[in-house]
Amino acid sequence: LDVLELIYEQEYIRTPHLSLLLPHRDYSSMTRTLATLKAKGLIKRFRNNMYSTYIFHITEAGKQVLFKHRAPYHYARSYRPIEDYRIEFQHKVGIAETLANLRAGALESPCRFISQGEIEEGLGKEDDHIPLSIKATAVWEGHPSSPWNGFVQPDGVFAIEYPDGKRSNIFLEYQRCGKVKVNTLLGISSMRRKYL
């Protein structure tokens, strides 16, 4: 259940990250667990030419088994199907791996890593099929199209809670490949607008 839960939480995860996030598990035992979960149809296994290890994803049957015993939160949460466009799978894996690395770092610190699911629950968000949209303003001093007002949908949302109880909310924008737009108009999605 721990392995199944972690695969669900991360959406896509490779064996090295499973080991980092479940450090008490023996690697060979983890490999046997993954083989059993795959044989029972509870997880899918992918191999992508970008990665040398397998990538795991929970199936609908796996979710049913998991939710009989636990109600985990999503840490990585994407909304478009893999087939939507050419780089979607790589983009999703990149987001999941970034969050897995940060979670692993938090495990070694006195900080608590707060998942997107926990944040969404705290905001009262109910629909799992609609991305979290955050009202935002981008200000570019002296620019004719500034300020821009609208909504952004971050690739990832998480928080770090420090030992003193203070918390930082963080919105992740993951850019793996492709040309980074340097458009000067704030009305068009660009990395500049995202930074602002």
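Here are three short exercises on this predicted model, each with a worked solution.

**Exercise 1.** Work out where Thr53 sits and whether it is buried, partly exposed or exposed.

*Solution.* Start with the chain: Thr53 lies in the loop that links β2 (43–46) and β3 (55–58). Next, check the accessibility. Thr53 has a relative accessible area of 23%, and buried means under 20% while exposed means over 50%, so Thr53 is partly exposed. Now look for partners beyond four places in sequence: Thr53 is in contact with Arg14 and Pro16. Arg14 is 39 residues away along the chain, yet the two C-alpha atoms are 6.6 Å apart.

**Exercise 2.** Do the same for Gln116: which element holds it, and is it buried or exposed?

*Solution.* First, the element: Gln116 belongs to helix α6 (residues 116–123). Then the accessibility: Gln116 comes out at 4%, and the cut-off for buried is under 20%, so Gln116 is buried. Last, the partners. Setting aside residues within four places in sequence, Gln116 touches His74, Tyr75, Arg77, Tyr79, Gly156 and Val157.

**Exercise 3.** Find which residues touch the most other members of the largest nonpolar core, and which element gives the largest share.

*Solution.* This core has 19 residues, and Val3, Ile7, Leu18 and Leu34 touch the most other members. Go through the elements next: α1 (2–10), α2 (15–21), α3 (27–39), β3 and α5 (88–107) each put in at least two residues. The largest share, five residues, is from α1. Now zoom in on Leu34: beyond four places in sequence, its contacts are Val3, Ile7, Thr15, Leu18, Ile43 and Phe56. Finally, don't miss the second, separate core of 15 residues, with Ile55, Ile95, Phe158 and Tyr174 among them.

Methods. Residues numbered from 1 in each chain as written. Predicted model: local features only at pLDDT ≥ 70, side-chain atom pairs only at ≥ 80, totals over all residues. Heavy atoms only, no water. Helix = DSSP H or I, 4+ residues; strand = E, 2+ residues; numbered from the N terminus. Buried < 20%, exposed > 50% of the residue type's maximum accessible area, 1.4 Å probe, protein only. Contact = heavy atoms within 4.5 Å. Core = buried A, V, L, I, M, F, W, Y, C linked by side-chain atoms within 4.5 Å.
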